[in-house]
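Hello,

Here is the structure I promised to pass on. Please open it beside this email and follow along.

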Amino acid sequence: MGIALAKLLDGAGATRETPGRYVPHVVAWNLTRRCNLECAHCYISAGPEESAASELTGEEFRRIAEEILALNPAPLFILSGGEPLLRADLPELARFATERGATVVVGTNGTLLTDERITELKDAGVTGVAVSVDSLEPKHHDNFRHGAGSLAATIAALERLRRHRLDFVIQTTVTKKSRTELGRLVQWAAEHGAVCFNAYFLVATGRGARLSDLSPDEYEAALAELVAHTQTYLGRMMVRAKCAPHFMRHVHRDTPDSPVLNYQTRCPCGTQYCRITPDGKLTPCPYIPVPAGDLRRQAFNEVWQRAELFQALRSGQLGGKCGRCEYRELCGGCRARALAVQGDVLAEDPSCAYQPGPMAEPIRPPRAVTYGAAVEPELRWAPDAAERLKRIPSFVRGVVVQRLEAYARRQGATEVTLELMREVRRAMPIDFSKRLPFFASAVPTAEAENAAPDVRQDELERRQR
């Protein structure tokens, strides 16, 4: 039925063969446990008292990065912490990865984003930053993050990011308090120029285990509200729920034409997504603390391809109502929450209020899924356009190819050129006209539906019609 926590801990090093169809498209990389804040919900219990003693060295980072790039030449790396800006070598590490084909984004609390640091990140090739805002009330945000003045410092950093034209995402943890502010926070993020708003739902790991969570019915109401926001801000700012895959059930039911459904929507942890801890352990996602292997002692490929924990997540044999739910392929429940609450990574997600009937055929995505797919171009691509395509992260490249070629055909073109790509960019909604092209959002879970090209292209196609 599932894998109990004790068994996972006992068998973390066990391996077996797996098919090679699983590709690490997105890697969340916790570079440090050091942090200038001490947030109430932090999944790795980062804070000012932590030291750099056990952190991967720059040399170890480069070796592991090259091992990942050998499996996927165009991954998305999310460099976070703790607070990654406390690593003096952050720009150097980012530059190493970007120069070799990775797309690099940074997750930060925002309080240390000076003009100098932003310039360093841009010069290193970083294409976006995710910044956390948990309340628009300074007292609540500052208390939640244990840092007086942190909200003011973060808001000042957003202005610097806008001046430097570096894309940013606003991230909020949905608690009983912030739930009442959710609509205001989404509107505020859009008004401040965010490309995406991510609402994170608590997983009881790290210090987050001390917090009370929303009830399943409260989850349902919050997710329904977020679906409405996805429509309100379509073409201007993406709105997504994180660590709550049942968001997709709401999308499928309420907005079946949503571009969110263009992508594989079941949580990709352990299949196309993984996390590296500050000391080099490889886990399926940031909220699953159980290591699948130790990258200080093992090659990335060995752990990724053969570790028992990854094999279990790829088996698809979910327990409880998740296993019989008709939405099991669109949703599948949060595996981290199942582990945190039930001790079993394959158990049903206890945050879901939906009650499926008897085992039924699964509801499948209404459109072809291209998350990470190796789509073969059908048109000719000019050399400079093909070179630009290489800069698109692998997990959205198939979507970009299909959309650009569809646009080219509508224009009667038989070749995708750099000018055609620029034409598509110029036709984007005004709020995106000065953005970097095809930026993929920086999120700790980094799921495929966060890809900016799809939302922007969707708006473009409506304009063409």
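**The nonpolar core**

This is a predicted model. Its largest nonpolar core has 127 residues, and Trp29, Phe77, Leu79, Phe197 and Phe201 touch the most other members. Helix 15 (residues 394–410) gives the largest share of this core, seven residues. A second core lies apart from it. That one has five residues, among them Ala130, Val169, Val195 and Cys196. As background, nonpolar side chains in soluble globular proteins tend to be buried together.

Zoom in on phenylalanine 77. Leaving out residues up to four places away in sequence, Phe77 touches Val27, Trp29, Ala65, Ile68, Ala97, Ala102, Thr103, Val104 and Val105.

**The sheet**

Now find the sheet. It is open, has ten strands and shows mixed pairing. The strand order is 7-6-5-4-3-2-1-8-9-10. Which strands stand at the edges? They are strand 7 (238–242) and strand 10 (293–294). Each has a single partner strand, so one side of each is left without a neighbour in the sheet.

Strands of a sheet pair through backbone hydrogen bonds, either parallel or antiparallel. Take strand 1 (residues 26–30) and strand 2 (residues 76–80). They pair in the parallel sense, over five bridges. Within this pair, valine 26 stands opposite leucine 76.

**The helices**

Two helices are worth tracing across the strands. Helix 6 (residues 150–163) lies across strand 4 (128–132) and strand 5 (167–174). Helix 6 runs at about 165° to strand 4. Helix 8 (residues 216–232) lies across strand 6 (196–201) and strand 7. Its angle to strand 7 is about 160°.

Next, helix 11 (residues 308–315). Is this helix mostly covered or mostly uncovered? It is mostly covered, with six of its eight residues buried. Those six are Leu309, Phe310, Gln311, Ala312, Leu313 and Arg314. Glycine 316 follows helix 11, and its phi is positive, near 80°.

**The salt bridges**

Side chains of opposite charge can pair when their charged atoms come close. How many salt bridges are there in the whole structure? The search finds 24. Here are some to look up.

- Arginine 296 and glutamate 60: their closest N and O atoms are 2.9 Å apart. Arginine 296 sits in the loop between strand 10 and helix 10 (300–306), and glutamate 60 sits in helix 2 (residues 58–71), so the pair ties together parts that are 236 residues apart in sequence. Arginine 296 is partly exposed, at 35% relative accessible area. Glutamate 60 has 19%. Buried means under 20%, so glutamate 60 counts as buried.
- Arginine 163 and aspartate 115: the closest N and O atoms are 3.1 Å apart. This pair also links distant parts of the chain, with arginine 163 in helix 6 and aspartate 115 in helix 4 (residues 115–123), 48 residues apart. Aspartate 115 is partly exposed, at 32% relative accessibility.
- Arginine 184 and glutamate 181: the closest N and O atoms are 3.6 Å apart. Arginine 184 is partly exposed, at 44% relative accessibility, while glutamate 181 is buried, at 2%.

Last, look for a network. Salt bridges link Arg34, Glu55, Arg87 and Asp89 in one.

Best wishes

Notes: Residues are numbered from 1 along each chain as its sequence is written. This is a predicted model: local features need pLDDT of at least 70, side-chain atom pairs count only at pLDDT 80 or more; totals for chains, interfaces and linings use all residues. Side-chain values use heavy atoms; hydrogens and water are left out. Buried means under 20% relative accessible area, exposed over 50%, partly exposed in between (1.4 Å probe, protein chains only). Helices (H or I, at least four residues) and strands (E, at least two) are DSSP runs, numbered from the N terminus. Two strands pair if DSSP finds at least two bridges between them. Contact means heavy atoms within 4.5 Å. Axes are lines fitted to C-alpha atoms, for helices over the stretch in contact, and angles run from 0 to 180 degrees between N-to-C directions. A nonpolar core is a set of buried Ala, Val, Leu, Ile, Met, Phe, Trp, Tyr and Cys residues joined through side-chain atoms within 4.5 Å. A salt bridge is a side-chain nitrogen of Lys or Arg within 4 Å of a carboxyl oxygen of Asp or Glu.
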